[in-house]
Amino acid sequence: MDLTAEAPTHFRSTGDRPGIIGSLREAIVEVLSRQRLIRYLVQADLQKKGTNTLLGNLWWVIDPLLQMLIYWILVSVIFQRGGPDYPLFLFSAILPWKWFASSINDGITSVSSAERLVKQIQFPKLVLPVAAVVAGIANFAFGLIPLFALMLLFYRDRIEVTLLLIPVVAAVQLVFNMGMTVLLSALNVFYRDIGNLARHVLRLWFYLSPALFTLEQLTHATREFPIIQRLLLLNPWATLFAAYHDVIYEGIVPDWAALIRVLIGSIVFLGLTTIVFKRLEPAFAKVL
Amino acid sequence: MVDVAGRPAEAAPAPLRTDAPVAIEVRDLGVQYSLRFTKKTTLNRSFINMFRREPADAFWALRDVTFQVVHGESLAVIGPNGAGKSTLLQVLAGIITPSEGIVDVDGRISSLLTLGAGFDQDLSGRDNIRLAGAFMGLDPATMRRITPTIVEFADIGPFIDAPIKTYSSGMRARLGFAIATAVDPDILLLDEVLATGDETFRAKSKQRVLELVRGAKGVVLVTHDMNWVTEFCNRAILLEQGRIIAEGNPYDVVAIHREHSEQSKAERQAALDRAMKDGAVGSLPPDAARSRLRS
């Protein structure tokens with residue numbers, strides 16, 4: 001019987017591991033040849049998220065709005081801070097951050113929760129975190145609905161053509177999301193407390209990034225401490241939040257040079273984490 | 001070591017070995033497990049382990065394993081629990097990569113290790129079939145062809161469109177079996193999964209397994225059922241502590257295996273008796289008694 005298949009019918013398995021370039025090439029081939037599997041996994045993921053709760057996918061719309069409300073009460077009402085049209089400023093940062101946080105939270109357990117599959121079927125494990133990240137895009141896409149609703153209802157004068165640049169900034173963020181998730185999903189196989197740790201690290205990360213305040217406020221506040229300032233500006237989220245604020249809230253084009261630096265950094269980071277993942281992959285079936 | 005182990009295995013050479021093409025070739029295979037990571041570790045535990053690193057934090061589940069399976073051959077792998085039989089199947093299926101040595105597998109593999117592996121509880125039976133096919137790397141055309149067969153074989157009626165979590169365990173097992181056996185493989189790996197479901201389904205599934213065994217170019221079977229070994233296999237190897245102890249005619253190898261298990265049972269009983277006696281006198285702390293039991 002002739003079975004054309006996406007998995008090889010002949011294989012040789014040895015103690016030798018491919019080198020750095022070999023691992024990277026293998027990873028790319030695996031992801032490209034298993035696109036259908038990734039698509040099914042994404043579909044399954046979205047289907048489950050939609051049916052498990054009473055309001056279903058509506059939560060993707062409500063969630064960022066509620067979070068915006070909380071920060072608005074905290075900053076504008078209680079602390080009497082924040083700038084003009086502050087809710088929109090908040091929303092343009094919360095939206096991409098929620099995408100980032102949910103990609104990581106879903107992705108961290110993507111390999112370790114597939115324990116039985118990993119131990120019983122041979123398949124490229126890389127598809128698991130990749131599918132988790134791709135499924136996360138829906139989270140972001142649905143969040144654009146309340147964003148546009150908000151702008152049409154309350155901030156009509158802030159609508160600019162730069163809104164069309166949202167996908168460009170999002171594309172840069174996607175690469176970064178992928179790198180983080182690939183790394184953490186592999187580490188979580190060995191250390192199950194990565195998930196607990198990630199929750200707190202993510203929270204701190206959010207507050208240290210210019211999300212609730214502007215990049216200018218950050219540089220201004222740290223002008224006496226150039227080392228701390230440098231470190232805070234190395235954070236890719238400093239650039240990403242500034243870019244989202246620019247295209248959504250300010251209606252201006254983002255700092256292209258900074259964005260390209262983050263893109264290149266993220267691509268290199270993704271490459272490195274993919275190599276780490278591929279190096280650890282042979283041990284997954286033994287450890288799980 | 002027992003002296004029967006040294007008995008030459010060449011007594012029963014496989015008749016097909018000389019000219020038949022090789023389906024599986026295993027040379028000097030070794031699989032090492034690191035004990036530091038084998039159980040679900042937390043950072044805490046691994047820090048502790050780092051400080052009192054024991055010398056024996058790695059062990060070989062398989063070592064110096066060399067054998068061939070040629071076309072038309074059905075090889076049984078037998079041995080006591082923990083001998084490395086299941087690890088060997090995982091290596092042949094490509095799930096675990098060797099720490100040393102070479103494994104060459106020529107042909108499409110299906111392992112019945114995968115009964116209902118990773119069913120997604122929230123998805124319907126049909127969606128799970130699709131997902132399982134994609135995990136196994138089957139292309140859409142093949143999937144379209146075999147899906148009706150799977151549905152028919154599993155015989156779970158309208159439940160096929162209901163989420164797996166609503167299934168009884170028997171239905172789950174039937175669907176798992178139907179998926180795992182849907183494709184006729186070149187090389188079949190079996191790990192003691194022959195009895196699932198009720199009487200009728202068990203008969204049906206045994207029938208199907210026999211069909212697959214006959215259709216496959218090579219079969220590797222891990223089992224504790226010695227009747228299967230002598231009835232359906234034309235060669236057997238005996239694994240003990242990750243090494244091949246005997247290889248050859250199923251009857252001979254099964255006989256050696258029986259002898260060894262009698263012997264180790266007697267040894268274990270003797271050790272137990274000794275420990276009980278020592279324990280009764282009260283001269284040994286419980287730890288020492290336990291370590292003696294192990295040896």
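Let's start right after helix α11 of chain A. The residue that follows the helix is G251(A), and its phi is positive, near 70°. Keep in mind that this is a predicted model.

Now the helix itself. α11(A) covers residues 236–250, 15 residues in total. Does its length fit? What should the helix span, at 1.5 Å a residue? The expected figure is 21 Å. The end C-alpha atoms lie 20 Å apart, which agrees.

How many of its residues are buried? 14 of the 15, so α11(A) is largely enclosed by the rest of the structure. Buried here means 20 or more other C-beta atoms within 10 Å of the residue's own.

Next, a helix pair. Two packed helices are described by the angle between their axes and the distance between the axes. Here the partner of α11(A) is α4(A), residues 86–108. The two axes come within 9 Å and cross at roughly 130°. Angles over 145 degrees would count as roughly antiparallel, and 65 to 115 as roughly perpendicular. α4(A) and α11(A) are therefore oblique to each other. Their crossing is right-handed. Who makes the contact? From α4(A), we have L88(A), F89(A), S92(A), A93(A) and P96(A). From α11(A), we have L240(A), F241(A), Y244(A), H245(A), I248(A) and Y249(A). An α-helix has 3.6 residues a turn, so residues three or four places apart point the same way.

Over to chain B. Its secondary structure comes to 10 helices and 9 strands. The chain has 295 residues, and 41% of them are buried. Take contacts between residues at least 6 apart in sequence: 74% of these join residues at least 24 apart.

Chain B has an open sheet of 6 strands. The order is β5-β6-β7-β3-β8-β9, and the pairing is mixed. At the edges sit β5 (109–111) and β9 (243–248), each pairing on one side only. Neighbouring strands are turned by 15° against each other on average, direction ignored.

Look inside that sheet, at β3(B), residues 73–78. 6 of its 6 residues are buried, so this strand is largely enclosed by the rest of the structure. In a regular strand the side chains alternate between the two faces of the sheet. Which residues of β3(B) cover each side? On one side are E73(B), L75(B) and V77(B); on the other, S74(B), A76(B) and I78(B). All of them are buried, and both faces are covered.

Now the neighbours of β3(B). It runs parallel to β7(B), residues 218–222, with 5 bridges between them. S74(B) stands opposite V219(B) there. β3(B) also runs parallel to β8(B), residues 235–240, through 4 bridges. On that side, A76(B) has A236(B) as its bridge partner.

One step further along: β6(B), residues 187–191, joins β7(B) by 5 bridges, again parallel. D191(B) has V222(B) as its bridge partner. A helix lies across this sheet too. α3(B), residues 85–92, lies across β3, β5, β6, β7 and β8 of chain B, at about 150° to β7(B).

Last item: a sheet with strands from both chains. It is open, has 4 strands, and follows the order β1(A)-β4(B)-β1(B)-β2(B). Its pairing is antiparallel. The edge strands are β1(A), residues 10–14, and β2(B), residues 58–70. The twist averages 15° from one strand to the next. Within this sheet, 9 bridges join β1(B), residues 22–34, to β2(B). V26(B) stands opposite F67(B).

Notes:
Residues numbered from 1 in each chain as written. Chains lettered and ligands numbered in written order. Predicted model: local features only at pLDDT ≥ 70, side-chain atom pairs only at ≥ 80, totals over all residues. Pairing = 2+ DSSP bridges. Helix = DSSP H or I, 4+ residues; strand = E, 2+ residues; numbered from the N terminus. Axes fitted to C-alpha atoms, helices over the stretch in contact; angles between N-to-C directions. Expected span 1.5 Å × (residues − 1). Buried ≥ 20, exposed ≤ 12 C-beta atoms within 10 Å, placed from the backbone. Parallel < 35°, antiparallel > 145°, perpendicular 65-115°, else oblique. Left-handed = near helix turned anticlockwise from the far one by under 90°. Contact = placed C-beta atoms within 7 Å.
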